[in-house]
Amino acid sequence: MNSDGKDNFLNTDLLWQMYSVMHRIRISEERIADLVTAGEIKTPCHFYIGQEAVAAGVCLALQKNDYVWTAHRSHGHYLAKGGNLASMLAEIYGKRTGCSKGRGGSMHLLAAEVGILGTVPLLSATIPLAVGAGLASKLRHDGRVSVSFFGDGATAEGHFHESLNLAAIYKLPVIFVCENNLYQCHMHIQEYLSEGDIYKSGDAHGIPGIVVDGNDVIAVHKAALEAVRRARAGEGPTLLECKTFRWRGHVGPSTDIDVGIRRRDDVCEWLPKDPIPPVMKRLLDLGATEADFDRIAEETLAELDQAVEYSRRSPYPAKHELLEHVFYSGAQSRAEGMTFPVAN
Ligand SMILES: Cc1ncc(C[n+]2csc(CCOP(=O)(O)OP(=O)(O)O)c2C)c(N)n1
Ligand SMILES: [Mg+2]
C-alpha cells in the first residue's frame with residue numbers, strides 16, 4: 001500500500017483487465033444459459049454468474065503456466081485463466097472440436113496450454129490433485145503455483161482437510177480458494193457445516209486462512225497476490241475464503257428461488273452486490289466513457305457469436321472414435337448396444 005492508503009498494485013490497465021474478464025464470463029454464461037433454456041445445449045451446466053470476481057481476481061494474479069484445478073462450476077475459471085472460448089463452447093455442445101474432444105461436456109474442461117489439466121465434478125476431487133501438482137512443482141523447482149478452486153460444500157469432505165495437512169507439511173506452492181456461495185445444491189451452509197467460517201480451517205493445519213469479500217475483485221486480487229508471493233517464496237500454502245453468491249440455481253439456468261431454507265431472501269440480498277458495476281464506476285471515475293464499455297461489449301459479443309456458430313457447425317465425435325481419448329478400455333463392452341448423439 002502507498003503512503004496515501006492506495007493499493008500500489010492497482011492501475012488502470014489492471015482494472016480494465018478485471019472488467020473485461022468478468023464481463024466476458026458474464027455474457028458467455030448468460031448466452032449458454034439461454035441456449036440451455038432453448039434446448040440447444042443439453043449437457044448439465046452449473047452457472048458461475050455472480051461469482052466472476054473470484055475467478056478474475058485470482059487468475060489475474062497468476063502466470064500462464066501456473067495450474068488451476070476446479071470442479072463442476074468451472075466455466076469462469078477456464079475463461080479467466082485464458083482458456084479458448086470457442087473450444088469451451090464446442091465442448092459444452094459435445095462436439096469433436098471441444099476442448100475435451102466432446103467427451104466431457106461442461107464439467108470436464110481441459111486447457112493444458114494455460115495450466116488447466118482437467119476439471120472434475122466429483123466433489124473435492126481436484127483439491128488433492130492441486131496438492132499433487134504443487135508437490136511436483138516443488139520437486140522440479142519449476143516455480144509454478146497450483147490453485148484449487150472449490151465450493152463451501154467441498155469443505156465438508158475429508159479430501160479438503162487431508163490436502164491442507166499435506167500441503168502444509170511440505171510447504172507446497174498451493175493456494176486453496178474456497179468460493180463460499182452459501183449453498184451446496186439446495187442446502188444452506190447453516191444446514192451442513194458445523195463451522196461456517198471456512199477460513200478458520202487453516203488454523204488447524206498451520207496455514208494462513210484469509211477471508212475476503214468475494215464480490216470485490218480488488219480485495220480478491222490483493223489476497224491472491226499475497227498468496228502467490230508466499231507460494232513462490234517457498235513459504236507454503238494459503239487458504240482463501242471468498243464470500244460470494246451464485247445467482248442461478250445449483251444446475252441449469254433457473255434461480256432455484258423456492259428451494260433451500262432461505263434461498264429467496266439470499267437472492268434478494270445478493271443481486272444488488274453484483275461484482276461488475278463497482279469496477280465500471282472506478283473506470284468511469286478514471287475517465288472511461290460509455291463508448292469504451294460498448295466497444296468491449298461488441299468485441300466480446302462478436303467472439304461469442306463466432307464461438308456459438310463454430311460449435312453448431314462442428315461435428316459430433318464419430319461412433320468409431322468414441323472409445324478414443326478415454327482411460328478405461330473396458331468401456332468397449334459397456335458401450336455396445338448404447339445409443340449416442342454421434343455422426344455415423
Ligand atoms: C463426492 C460427491 N458427492 C456428491 C456430489 C453431488 N454434488 C455435486 S455438486 C454438489 C454441491 C457442491 O457444492 P459446493 O461445493 O458448495 O459448490 P457450488 O455448487 O456451490 O459451487 C454436490 C453435493 C458429487 N458431485 N460428488
Ligand atoms: Mg457452494
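**Exercise 1. Helix α1 against helix α4**

Work out how helix α1 (residues 12-37) and α4 are arranged as they pack in this predicted model.

*Solution.* Start with the spacing: the axes of α1 and α4 are 12 Å apart. Next, take the angle, which is about 25 degrees. Angles under 35 degrees count as roughly parallel. The two helices, α1 and α4, are therefore roughly parallel to each other. Finally, look at the handedness: where α1 passes α4, the crossing is right-handed.

**Exercise 2. Helix α4 against helix α12**

Now classify the crossing of helix α4 (residues 85-92) with helix α12 (residues 290-313).

*Solution.* First, the axes of α4 and α12 come within 8 Å. Second, they cross at roughly 40 degrees. To be roughly parallel, an angle has to be under 35 degrees. With the crossing angle in hand, α4 is oblique to α12. As a last step, check the hand of the crossing between α4 and α12, which is right-handed.

**Exercise 3. Building the sheet**

Find the strand order of the open sheet of five strands, and say which strands lie at its edges.

*Solution.* Let's go pair by pair.

- Strand β1 (residues 67-69) runs parallel to β2, and three bridges join them. To find this pair in your viewer, look for W69, whose bridge partner in β2 is S148.
- β2 and strand β3 (residues 174-180) are also parallel, joined by six bridges. Here S146 has V174 in β3 as its bridge partner. Between these two strands the chain passes through helix α6 (residues 158-169), giving a right-handed β-α-β crossover.
- β3 pairs with strand β7 (residues 238-243) over six bridges, again in the parallel sense. N180 has its bridge partner in β7 at K243.

Put together, the order reads β1-β2-β3-β7-β6, with parallel pairing. The edge strands are β1 and β6 (209-213), since each pairs on one side only. Neighbouring strands in this sheet are turned against each other by 20 degrees on average, with direction ignored.

One more step concerns burial. Strand β2 (residues 146-151) is mostly covered, with five of its six residues buried.

**Exercise 4. The magnesium site**

Which residues coordinate the magnesium ion (ligand 2), and how are these donors spaced along the chain?

*Solution.* Begin at the ion and list its donors: D152 contributes OD, N181 contributes OD1 and Y183 contributes O. These contacts to the magnesium ion are at 2.1 to 2.2 Å. Then read the donors along the chain, where they follow the spacing D-x28-N-x1-Y. To finish, check the surroundings of two donors: both N181 and Y183 are buried.

**Exercise 5. Two residues with positive phi**

H141 and D256 each have a positive phi without being glycine. Place each one in the chain and decide whether it is buried or exposed.

*Solution.* Take H141 to begin with. Its phi is about 55 degrees, and H141 sits in the loop between α5 (126-140) and β2. The relative accessible area of H141 is 71%. Exposed means over 50%, so H141 is exposed.

Now turn to D256, with a phi near 55 degrees. D256 belongs to the loop between β7 and α10 (263-270). Its relative accessible area is 13%. Buried means under 20%, so D256 is buried.

Conventions:
Residues numbered from 1 in each chain as written. Chains lettered and ligands numbered in written order. Predicted model: local features only at pLDDT ≥ 70, side-chain atom pairs only at ≥ 80, totals over all residues. Heavy atoms only, no water. Donors = N, O, S within 2.8 Å, 3.2 Å for Na, K, Ca; no water. Buried < 20%, exposed > 50% of the residue type's maximum accessible area, 1.4 Å probe, protein only. Helix = DSSP H or I, 4+ residues; strand = E, 2+ residues; numbered from the N terminus. Pairing = 2+ DSSP bridges. Right-handed = clockwise from strand over helix to strand, strands pointing away. Axes fitted to C-alpha atoms, helices over the stretch in contact; angles between N-to-C directions. Parallel < 35°, antiparallel > 145°, perpendicular 65-115°, else oblique. Left-handed = near helix turned anticlockwise from the far one by under 90°.
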